[in-house]
Protein chains: 2
Amino acid sequence: MILSTYNKEDKVLLAVDCIIFGFLKDELKILLVQRDFEPEKGKWSLIGGFLKKEENLDKAAIRILNHLTGLNNIYMEQVYTFSKVDRDPAERTISVAYYALIDIATHDEKILKQNPIQWFNLKDAPKLIFDHNRMVEKAIARLRRRALSKPIGFELLPEKFTMRQLQKLYEAILDSKLDKRNFINKFNSFDILIKLDEKDMTSSKKGAYLFKFDQEKYNRKVEDGFNFKI
Amino acid sequence: MILSTYNKEDKVLLAVDCIIFGFLKDELKILLVQRDFEPEKGKWSLIGGFLKKEENLDKAAIRILNHLTGLNNIYMEQVYTFSKVDRDPAERTISVAYYALIDIATHDEKILKQNPIQWFNLKDAPKLIFDHNRMVEKAIARLRRRALSKPIGFELLPEKFTMRQLQKLYEAILDSKLDKRNFINKFNSFDILIKLDEKDMTSSKKGAYLFKFDQEKYNRKVEDGFNFKI
DNA sequence: AAAAAAAGTGTATTTTAAACACTTAACTTT
DNA sequence: AAAGTTAAGTGTTTAAAATACACTTTTTTT
């Protein structure tokens, strides 16, 4: 009897589309898939799928990401729900956009084994199906806000990284040049990085010191009211 | 043939729940409804309804708000989509939360005519059904962020207001005391208020000058790159 | 005439952000 | 082996923004 309460209401398909950001060689990238079913077969698309009855949206996003890339334990966050009536010409579909952050260097072998998916530089990504370009825009805006208030380096960089890489990451996300000294001074003032004795020798003769995030220290600081703010 | 593409996927009910904020007498308030159907009949709830096939979510939110309050032309914004599997015990329902901002003084006659709905001070609102309390929390967080980056006074205050009211509004939203002189100096530096010759005499013997937002000027400034930041 | 109650107003100090350029280390070339 | 090349590394000065802070004005009430 309770189960008949909402009987007369319309039901819809609920999709999840993933905006997967990666960072490699000073470039912010996005992972796209070539659609292998109609409509829009062959066109580039976000990685997506449909919500199942027995899972919530976060779980669906994780499942969909994992299914198409093999990746696990990836940072994901809900962005926005898109609901234009004719956004998918095949059938009325509402789509919840999630974004994910991936360190490409660490994960790429897994991903590249998979077939019709490919990293694109954000700046020269192709036109996408449906409203996926709008989704990407929203996700970038969200990523930008997040970068200003939380250290995204945890997710987008390899475990060990140079200050230059960290700066380039922020420059890519914020789409603006930063001053080397000011950036380093500010980041050091947060006191959440560990300087290693190791150097990265790939990008200069002198070599650049490698750093790690001190996740524990960061967590403790956040609990004590620390407010990361670039 | 195209229309059969997604045939095997699960469909769900998609609800819209509205977190309706109002401001009156220095207090931030929220509009709630006493549910008149099962499950949870008689309990307090957010104002909500179901998405229909022929409308998008923004339209649904507007319709639902209008239907239960008679209000039109209200500022609304999508907050988050809630999808816990058993969030509604009657049936699998996903709910998209929207928040709305209302100047109670201007709109209250309309609202109060309606039946089982009522304003509560945010601080002593009752326990709500399902996950509605979490929705309210998310919406407050969003409102707070918005208050820091956009002049919410446009929506939450009457057309004419005193500086004190404006300050109290920000204090209520940010849940913290602000310094009178610093607040006024900062707000004046934005140069988006018009000082009227009229005074509000209701709260003091001396009377307090009334102000209006200069919407046009604000819009022009935003176009020119102005960044409101409290 | 004194008391009360809210409105209104400006400056000094501290903190944060921004601008700015040379030295070091290690390899490469001649 | 000296000079050149390339990216790494490092502090100080200046400007701007945020914060702290207290008395005067107006008008009504007693």
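Two residues are in contact if their C-beta atoms, placed from the backbone, lie within 7 Å. Keep that cut-off handy for the exercises below, and remember that this is a predicted model.

**Exercise 1. Work out how chain B meets chain A, and which elements do the touching.**

Step 1. Start with the head count: the contacts link 32 residues of chain B with 32 residues of chain A.

Step 2. Now sort the chain B side by element. At least two residues each come from β1 (11–24), β5 (75–82) and β6 (93–103) of chain B. β1(B) has the largest share, with 4 residues.

Step 3. Check the chemistry. On this side of chain B you'll find 16 nonpolar, 5 polar and 11 charged residues.

Step 4. Look at β1 in both chains. Strand β1 (residues 11–24) of chain A pairs with β1(B) in the antiparallel sense, over 3 bridges. For a spot to zoom in on, take Lys11(A), which sits opposite Leu13(B).

**Exercise 2. Find the operation that puts chain B on chain A, and name the relation.**

Step 1. Two copies of a chain are related by a rotation about an axis and a shift along it.

Step 2. Here the rotation is 180° and the shift along the axis is 0.0 Å, and the superposition gives an RMSD of 0.0 Å. That is the relation of a two-fold axis.

Step 3. Compare the surfaces. Of the interface residues of chain B, 100% are also interface residues in chain A, so the copies meet through the same surface.

**Exercise 3. Describe the protein surface near each DNA strand.**

Step 1. Take DNA strand C. It has 21 residues around it, and those that come nearest are Arg181(A), Lys205(A), Arg181(B), Ser204(B) and Tyr209(B).

Step 2. Assign elements. α6 (180–190) of chain A supplies at least two residues of this surface, and so does each of α5 (163–174), α6 (180–190) and β10 (208–213) of chain B. α6(B) gives the most, 5 residues. By class, the count near strand C is 4 nonpolar, 7 polar and 10 charged.

Step 3. Do the exercise again for DNA strand D. This one is surrounded by 20 residues, the closest being Arg181(A), Ser204(A), Tyr209(A), Lys205(B) and Lys206(B). Two or more residues come from each of α5 (163–174), α6 and β10 (208–213) of chain A, and from α6 of chain B.

Step 4. Finish the tally. α6(A) has the largest share of the surface near strand D, 5 residues, and the classes there are 4 nonpolar, 6 polar and 10 charged.

**Exercise 4. Decide where Ile111(A) belongs: what element is it in, and is it partly exposed or buried?**

Step 1. Place the residue. Ile111(A) belongs to helix α2 (residues 104–113) of chain A.

Step 2. Count neighbours. A buried residue needs 20 or more other C-beta atoms within 10 Å. Ile111(A) has 19 C-beta neighbours inside 10 Å, so the label is partly exposed.

Step 3. List its partners. Setting aside neighbours within four places in sequence, Ile111(A) contacts Thr69(A), Leu71(A) and Ile117(A). As for Ser95(A), 16 residues away along the chain, its C-alpha atom is 24 Å from that of Ile111(A).

**Exercise 5. Trace the 3-stranded open sheet of chain A.**

Step 1. Read off the order, which is β8-β10-β9, with antiparallel pairing.

Step 2. Pick out the edges. β8 (161–162) and β9 (193–200) each pair on one side only, and that makes them the edge strands.

Step 3. Inspect one pairing. β9(A) and β10(A) are joined over 5 bridges, and Lys195(A) stands opposite Phe211(A) in β10(A).

**Exercise 6. Contrast the largest nonpolar core with helix α7 of chain B.**

Step 1. Go to the core. The largest one has 114 residues, and Cys18(A), Ile19(A), Cys18(B) and Ile19(B) have the most contacts inside it.

Step 2. Follow one of these. Beyond its neighbours within four places in sequence, Ile19(B) contacts Ile30(B), Leu46(B), Ala97(B), Tyr99(B), Met135(B), Val136(B) and Ala139(B).

Step 3. Now the helix. α7 (residues 215–223) of chain B has 9 residues, and the number buried is 0, so the helix lies largely in the open. Just after α7(B) comes Gly225(B), with a positive phi of about 95°.

Note on methods: Residues are numbered from 1 along each chain as its sequence is written. Chains are lettered from A and ligands numbered from 1 in the order in which they are written. This is a predicted model: local features need pLDDT of at least 70, side-chain atom pairs count only at pLDDT 80 or more; totals for chains, interfaces and linings use all residues. A residue is near a molecule or strand if its C-beta atom, placed from the backbone, lies within 6 Å of it. Ala, Val, Leu, Ile, Met, Phe, Trp, Tyr, Cys and Pro count as nonpolar, Asp, Glu, Lys and Arg as charged, and the others, Gly among them, as polar. Two strands pair if DSSP finds at least two bridges between them. A residue is buried if 20 or more other C-beta atoms lie within 10 Å of its own, exposed if 12 or fewer, and partly exposed in between; C-beta atoms are placed from the backbone. Copies are superposed by least squares on the C-alpha atoms of residues with pLDDT of at least 70 in both. A nonpolar core is a set of buried Ala, Val, Leu, Ile, Met, Phe, Trp, Tyr and Cys residues joined through C-beta atoms within 7 Å.
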